[in-house]
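Q: Please take a close look at the salt bridges in this model and at the spaces around them. How do the charged side chains pair, and what lies next to them?

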Amino acid sequence: MQAKTPKESLTTMTDMVLPGETNALNNLFGGELLARMDRASSIAAGRHSRRIVVTASVNHVAFNKAVPLGSVVTVEAKVSRAFRTSMEIYVDVWMEDRESGLRTRVNEGIYTFVAVDITGTPVAVPPITPETEQEKERYAAALRRKQLSLILSGKLDPKEATELKKLFLN
């Protein structure tokens, strides 16, 4: 299977925060933002795998800054690492200043998707080759996150978590 780069999966979605999507403080509902992030991640995973994809987990979400009514929000998602049948998708959320046009990163998240066939059976996905420094950092961190998740779920003996051990034993 031919390796792909993260930029081949890049998905960018831009939208405005409307009144029906806000809470009592006139900020975007967290659930609304999660839905946008999930859709962008799904498209990125599908672009990488060229398969049907399903959300396996939301590994991390940070609501770092409120997103007020009327804001222009851009969600950028791309595959940070591909495993056998799963893909980690890193999502960055940006808010655009109305006057200056400057973008500020306000939120982030990490999702895991699994590629499946028409019966829902997991199928192999192409490997990924990171290119930029940020892509290389996210690629390396993805394996550590996966190993930690497998240890916590009882599916991996901590002694076998080679990448995690490097953090503590070097």
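A: R105 is partly exposed, because its relative accessible area is 36% (buried means under 20%, exposed over 50% and partly exposed in between, with a 1.4 Å probe and protein chains only). The model is predicted, so local features need pLDDT of at least 70 and side-chain atom pairs pLDDT 80 or more, while totals for chains, interfaces and linings use all residues. Residues are numbered from 1 along each chain as its sequence is written, and side-chain values use heavy atoms, without hydrogens and water.

The side chain of R105 forms a salt bridge with that of D92, at 3.2 Å from N to O (a salt bridge is a side-chain nitrogen of Lys or Arg within 4 Å of a carboxyl oxygen of Asp or Glu). R105 belongs to strand 5 and D92 to strand 4, so this pair ties together parts that are 13 residues apart in sequence (strands are DSSP runs of E, at least two residues, and helices runs of H or I, at least four, numbered from the N terminus). D92 is buried, because its relative accessible area is 7%.

D92 has a second partner: its side chain also meets that of R138 in a salt bridge, at 3.1 Å from N to O. Here the parts tied together are 46 residues apart in sequence, because D92 is in strand 4 and R138 in helix 2. Both D92 and R138 are buried. With E108 added, D92, R105 and R138 are linked in a network of salt bridges.

The whole structure holds 10 salt bridges. One of them joins the side chains of E76 and R103, at 3.2 Å from N to O. E76 is in strand 3 and R103 in strand 5, so that distant parts of the chain, 27 residues apart, are linked. R103 is partly exposed, because its relative accessibility is 39%.

R138 also borders an enclosed space. The structure has 1 cavity of 30 Å³ or more (on a 1 Å grid over the protein atoms alone, a cavity is a set of points where a 1.4 Å probe fits but cannot get out, and lining residues have an atom within 4 Å of a point). The volume of the largest cavity is about 40 Å³ (the space filled by probe spheres set on the points, which are joined across faces, edges and corners). Its lining consists of P6, K78, V79, S80, Y90, E135, R138 and Y139. Strand 3 (72–82) and helix 2 (133–152) each give two or more residues to that lining.

Helix 2 takes part in an open space as well. The largest pocket has a volume of about 440 Å³ (a pocket is an open set of points with protein on both sides within 12 Å along at least five of seven lines). This pocket is lined by 19 residues, and S57, N59, T112, K146 and S149 are the ones nearest its centre. At least two lining residues come from each of strand 2, strand 4 (86–96), strand 5 (103–116) and helix 2. Helix 2 gives the most to the pocket lining, with 7 residues.

Helix 2 therefore appears three times here: it holds R138, the partner of D92, it gives two or more residues to the cavity lining, and it gives 7 to the pocket lining.
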